[in-house]
Amino acid sequence: MGHLTQRDLNASRERLRDQVAHALRAALISGELRPGVVYSAPTLAEDFGISATPVREAMLDLAREGLVEPVRNKGFRVTEVDERDLDQYNEIRALIEIPTVGKVTRIAAREDLEALRPVAEDIVRAARAHDLIGYLEADRLFHLTLLGLAGNERLVETVGDLRKRSRLYGLTALDESGDLLPSAEEHLELLDLMLAGDAAAAEACMTRHLGHVRSLWAKDDGPS
C-alpha cells in the first residue's frame with residue numbers, strides 16, 4: 001500500500017485512539033484506504049509514527065461502525081459497498097426517514113426543531129470549507145437528532161447503522177465537482193419546511209434529498 005498522508009497525531013494517551021480513528025476515517029473518505037484491501041495495524045502505525053496499539057484499537061472502533069472487518073492474523077479489510085448495497089440501504093432509509101420527517105413535523109416542539117439550525121448551518125459551512133469529515137459528522141448529527149424527535153430510539157439506531165454502512169467513498173471527487181454544497185443546503189430547506197408545519201412538503205424535500213444523495217454515488221460511479 002502507499003503511505004498515508006502524514007498527519008500530526010501528537011496527543012495525550014487518552015485522545016490518541018480517537019485521533020487515529022478520525023485520521024483513518026479521513027483516509028477512507030479520501031480513498032487513501034481502498035475498499036477490499038487488507039491493512040495491518042503495525043504498517044499503519046509506521047505511517048503515523050506511533051505504536052501499533054492505538055491503531056489496532058482505532059481499527060476495532062471502525063469495525064464496530066462497519067467500515068472495516070477484521071481478518072485473522074492479517075489486519076483489517078476495508079468494507080466494500082457495491083451499487084446493489086447502496087440501493088438497498090437507500091430504499092430502507094427512505095421507507096423509514098420520509099414518513100418520520102412528516103411525523104416529526106406534526107409533533108415536534110418548535111424550539112426542538114429550531115435547535116437544529118446551527119447543525120444545518122454547520123453542514124453548509126463544512127461543505128463550503130471542503131471539510132469532509134466535518135460535513136459527515138454534522139450531517140449525521142442533524143439527521144439522527146431530527147429522527148430522535150419522533151421518540152423511537154430503535155429507529156434512530158437502525159438509521160444510524162444504515163448510514164455507517166453507506167458512507168461515501170470518493171467524497172473528495174464529489175466535493176471538487178461542486179455537487180456537495182447543494183446537498184448540504186437541502187438541510188436548511190428541510191428545516192424551514194418543518195418549522196412552517198408543512199409535513200407534505202417536508203416529506204417531499206426529504207424524498208428529494210435522499211434521491212440527491214444516491215445520485216451523488218451514481219455520478220461517482222459508486223465505490224471504486
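These legends go with close-up views of a predicted model.

**View 1. The whole chain, helix by helix and strand by strand.** The chain has 11 helices and three strands. Going along the sequence, the pattern reads α-β-α-α-β-β-α-α-α-α-α-α-α-α. Of the 224 residues, 48% are buried. Take the contacts between residues at least 6 apart in sequence, and 71% of them join residues at least 24 apart.

**View 2. Helix H4 against helix H7.** Here H4 (residues 83-107) packs on H7 (residues 132-148), with the axes 9 Å apart and an angle of about 60° between them. That makes the pair oblique, because angles between 35 and 65 degrees fall outside the parallel and perpendicular classes. The crossing is left-handed. On the H4 side, look for Glu 97, Thr 100, Val 101 and Val 104; they meet His 143, Leu 146 and Leu 147 of H7. Sorted by class, this contact has four nonpolar residues, two polar and one charged.

**View 3. The largest nonpolar core.** This core holds 31 residues, and Leu 113, Phe 142, Leu 146, Leu 190 and Met 194 are the ones touching the most other members. Helices H1 (13-30), H4, H6 (117-128), H7, H10 (180-195) and H11 (199-219) each chip in at least two residues. A second core, separate from this one, has 22 residues, including Ala 45, Ala 58, Leu 67 and Val 78.

**View 4. Around Met 194.** Skip the neighbours within four places in sequence, and Met 194 is in contact with Val 101, Val 104, Thr 105, Leu 113, Leu 146 and Ala 202. Val 101, Val 104 and Leu 146 also turn up where H4 meets H7.

Notes
Residues are numbered from 1 along each chain as its sequence is written. This is a predicted model: local features need pLDDT of at least 70, side-chain atom pairs count only at pLDDT 80 or more; totals for chains, interfaces and linings use all residues. Side-chain values use heavy atoms; hydrogens and water are left out. Axes are lines fitted to C-alpha atoms, for helices over the stretch in contact, and angles run from 0 to 180 degrees between N-to-C directions. Helices (H or I, at least four residues) and strands (E, at least two) are DSSP runs, numbered from the N terminus. Angles under 35 degrees count as roughly parallel, over 145 as roughly antiparallel, 65 to 115 as roughly perpendicular and the rest as oblique. A crossing is left-handed if the near helix is turned anticlockwise from the far one by less than a right angle, and right-handed if clockwise. Contact means heavy atoms within 4.5 Å. Ala, Val, Leu, Ile, Met, Phe, Trp, Tyr, Cys and Pro count as nonpolar, Asp, Glu, Lys and Arg as charged, and the others, Gly among them, as polar. A nonpolar core is a set of buried Ala, Val, Leu, Ile, Met, Phe, Trp, Tyr and Cys residues joined through side-chain atoms within 4.5 Å. Buried means under 20% relative accessible area, exposed over 50%, partly exposed in between (1.4 Å probe, protein chains only).
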